[in-house]
Amino acid sequence: MHKIGIYFGTDTGTTRLIAKKLAKKIGDAAARPLNVNRTVVEDFLSHDALILGTPTYGINQLPGKSTNIAAGSWEEFLPELDIIDFTGKKVALYGLGDQEKYSDRFVDSMIHLHNFFTEQGATMIGQWDTDGYRFTTSKAVVNGKFVGLVLDQQNQALLSDERMDRWLETILPQMEGV
Ligand SMILES: Cc1cc2nc3c(=O)[nH]c(=O)nc-3n(C[C@H](O)[C@H](O)[C@H](O)COP(=O)(O)O)c2cc1C
């Protein structure tokens, strides 16, 4: 089995920290997590199973130069994948946000990754229940579920470990053998 690729965007490092925790929990099957602003497309494509993380900044945007991340992030990396066919690849998303301060746009950025990789043919896995979160609106909810794991390190940090464990239990069996 190819190693599971873990890629993230971040501004203040929280999404990186979660990537490292996920990698540690997964163990040998996980490749070393990489920031997408330092990722070579060829390496990204070497994995048939991917875990992709993003924080949310700004309204209806992916993190990147438009949201004042000088080194760039998903906003700059996704266009590099524009012509790639992801058919046969499994993609699981995780997103970080703040449900109290940004209750009306909680973890919105995830929807951009979801739509992009869906359109490129990937099999999206790891949808997540909205139970246990308090927010008014999120673009990242499709058919009543978040499009990926949602973590809120500002308000619910103590729940994150258990959420990660439960999420990995559902996605890892689906990533086996890819
Ligand atoms: C200026 C600013 C705007 C933010 N906008 C949102 C938002 O629209 N929705 C949301 O859920 N969280 C929002 N957040 C919270 C961040 O997504 C959250 O703190 C995240 O953990 C940051 O991840 P990072 O440390 O990897 O950059 C915002 C935070 C800041 C500082």
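A pocket, in the sense used here, is an open set of grid points where a 1.4 Å probe fits, with protein on both sides within 12 Å along at least five of seven lines. In this predicted model, the second largest pocket holds about 190 Å³ of space, and its lining consists of G126, Q127, W128, D129, D131, G132, Y133, K145, R163, R166, T170 and Q174. Two elements, β6 (128–129) and α5 (160–175), each supply at least two of these lining residues, and α5 gives the largest share, namely four residues. Sorted by class, this lining has two nonpolar, five polar and five charged residues.

The largest pocket has a volume of about 350 Å³. Its lining comprises 19 residues, and those that lie nearest its centre are T56, Y57, G97, D98 and Q154; six of the lining residues are nonpolar, nine are polar and four are charged.

From the pockets we turn to strand β4. Because six of the seven residues of β4 (residues 90–96) are buried, this strand is largely enclosed by the rest of the structure. Strand β3 (residues 49–55) pairs with β4 in the parallel sense over seven bridges, and within that pairing T54 stands opposite G95 of β4. Strand β5 (residues 123–125) also runs parallel to β4 and is joined to it by three bridges, with I125 in β5 as the bridge partner of A92. Together with helix α4 (residues 110–119), β4 and β5 make a right-handed β-α-β unit. A further parallel pairing, again of three bridges, links β4 to strand β9 (residues 149–151), where L151 in β9 is the bridge partner of L96.

Note on methods. Residues are numbered from 1 along each chain as its sequence is written. This is a predicted model: local features need pLDDT of at least 70, side-chain atom pairs count only at pLDDT 80 or more; totals for chains, interfaces and linings use all residues. Side-chain values use heavy atoms; hydrogens and water are left out. On a 1 Å grid over the protein atoms alone, a cavity is a set of points where a 1.4 Å probe fits but cannot get out, and a pocket is an open set with protein on both sides within 12 Å along at least five of seven lines; lining residues have an atom within 4 Å of a point. Grid points are joined across faces, edges and corners, and a volume is the space filled by probe spheres set on the points. Ala, Val, Leu, Ile, Met, Phe, Trp, Tyr, Cys and Pro count as nonpolar, Asp, Glu, Lys and Arg as charged, and the others, Gly among them, as polar. Buried means under 20% relative accessible area, exposed over 50%, partly exposed in between (1.4 Å probe, protein chains only). Two strands pair if DSSP finds at least two bridges between them. A crossover is right-handed if, with the strands pointing away from the viewer, the path from the first strand over the helix to the second runs clockwise.
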